[in-house]
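Biologist: Could you take me through one helix pair up close? I'd like to know which residues meet there and what kind of core they sit beside.

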Amino acid sequence: MTEYLTDYMNTVTERLKNCTEQEELSAILSEHMDKIAFMQHERIVHFLVTMMFAVILSIFMVGMLLTENIMLTVLVTIIMILLVFYIKHYYFLENTVQKMYVIYDKILKMQEDLK
């Protein structure tokens, strides 16, 4: 997903640099709005999964502290590592969607300028 989003952002930025016609700009806008909706959905799903892992981590940490079971320590470590990667990916998604909003505003401004 990271590579897909990065490639898309580079592509749309390049297309906007070379865009001089209203019809082409409308096509870019339509596609961009679809991508924003798709990425917003992706972002929500990753947020929910991240929060689920955080709750599970908390539950297992309490269990680890109460029982002193070595297997729970291993499980907590694994979940913590997974949570770090989920947070990193969610951070990327959140920032990229915000950049997509900036590009959306830029497209609207370009439409006004081309009129």
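Modeller: Happy to! Angles under 35 degrees count as roughly parallel, over 145 as roughly antiparallel, 65 to 115 as roughly perpendicular and the rest as oblique. This is a predicted model, where local features need pLDDT of at least 70, side-chain atom pairs count only at pLDDT 80 or more, and totals for chains, interfaces and linings use all residues. Residues are numbered from 1 along each chain as its sequence is written, and side-chain values use heavy atoms, leaving out hydrogens and water.

Now to the pair: the axes of helix α1 (residues 2–18) and helix α3 (residues 70–114) come within 11 Å and cross at roughly 15°. Here axes are lines fitted to C-alpha atoms over the stretch in contact, with angles from 0 to 180 degrees between N-to-C directions, and helices are DSSP runs (H or I, at least four residues) numbered from the N terminus. The two helices α1 and α3 are therefore roughly parallel to each other.

Where they meet (contact means heavy atoms within 4.5 Å), α1 brings residues including Leu5, Tyr8, Met9 and Leu16, and α3 offers Phe92, Met100, Ile103 and Ile107, among others.

Met100 is worth a pause: setting aside neighbours within four places in sequence, Met100 contacts Leu5, Tyr8, Met9, His32, Lys35, Ile36 and Met39.

Met100 is also one of the residues that touch the most other members in the largest nonpolar core, which has 17 residues. Such a core is a set of buried Ala, Val, Leu, Ile, Met, Phe, Trp, Tyr and Cys residues joined through side-chain atoms within 4.5 Å, buried being under 20% relative accessible area, exposed over 50% and partly exposed in between (1.4 Å probe, protein chains only). The largest share of this core, 6 residues, comes from α3.
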